[in-house]
Amino acid sequence: KPGQIEEGLDVTKLMVERIRKMVYNVLYYAKERALQTEPISISHFAGDVAAHVETRIRSAAIHFRTDYASDLGEFEIDTGLVRAALVNILENAMEACLEDTRDRQHRIDFKVGSEGEWVIFDISDTGSGMSEDQRRQMFDLFYSSKGHKGTGLGLFITNKVIQKHGGDISVDSKPGNGATFHVRLPRRAATVVRK
């Protein structure tokens, strides 16, 4: 039946994505590697990150808004690593919205801008939010608020990737009030190791 085939494909895609994410996390944690940086348009990169998650977010009945100008210039990053880091935050935002049992229309905002030599990524959600204790531990190795569903590697590795580029992450959140991740990256990675 077409409906069952469609549902089976969706489940398969979800499982493949989870396995890909887990393998990426384990490989990154197991083997430290030098950054492979390249100059890239910030707006083009932001569009690529948004396109990577947009279908999944919208199919979960979550409103997804993007906000970035076309003239933000370039920055120099390890594209694959930073994309995976931001996608991880966006996927966590989606999960926070799905876990929220309140009867409301949820939204995720993905905003990109710049302040001098810094590129700023703000990712906000209207999900369940986090306690102070969760915020304090969220970047610790093997800490997961998802119980047996989480590996405790995702945000730990995301934080390491951003730090390796010379950037930082901060989080604003309260229980029931969603969360906002602020990611700052320099236009030129501070600890770049070239080929």
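User: What share of the residues of the protein counts as buried, and what makes a residue buried?

Analyst: Of the 195 residues, 42% count as buried. Buried means under 20% relative accessible area, exposed means over 50%, and partly exposed is in between, with a 1.4 Å probe and protein chains only. This is a predicted model, in which local features need pLDDT of at least 70 and side-chain atom pairs count only at pLDDT 80 or more, while totals for chains, interfaces and linings use all residues. Residues are numbered from 1 along each chain as its sequence is written, and side-chain values use heavy atoms, with hydrogens and water left out.

User: Which helices and strands does the protein have, and what makes a run of residues count as one?

Analyst: There are five helices and seven strands. They are DSSP runs numbered from the N terminus: H or I over at least four residues for a helix, E over at least two for a strand. The order from the N terminus is α-β-α-β-β-α-β-β-α-α-β-β.

User: Why is the pair Asp48 and Arg83 called a salt bridge?

Analyst: A salt bridge needs a side-chain nitrogen of Lys or Arg within 4 Å of a carboxyl oxygen of Asp or Glu. In Asp48 and Arg83 the closest N and O atoms are 2.6 Å apart, so the pair qualifies. Asp48 lies in helix α2 (residues 42-59) and Arg83 in helix α3 (residues 79-99), so the salt bridge ties together parts that are 35 residues apart in sequence.

User: Why are Asp48 and Arg83 called partly exposed?

Analyst: Asp48 has a relative accessible area of 29% and Arg83 has 26%. Both values fall between the two cut-offs, so both residues are partly exposed.

User: What makes Arg56 and Glu91 a salt bridge, and is Glu91 buried or exposed?

Analyst: Their side chains meet at 2.5 Å, N to O, which is within the limit, so the pair counts as a salt bridge. Arg56 lies in helix α2 and Glu91 in helix α3, so this pair also ties together parts 35 residues apart in sequence. Glu91 has a relative accessible area of 6%, so it is buried, whereas Arg56, at 26%, is partly exposed.

User: How do you know that Asp109 is buried, and which residues share its salt-bridge network?

Analyst: The relative accessible area of Asp109 is 15%, which is under the cut-off, so Asp109 is buried. Asp109 forms a salt bridge with Arg107, with the closest N and O atoms 3.1 Å apart. Arg107 is partly exposed at 30%. Arg65, Arg107 and Asp109 are linked in a network of salt bridges.
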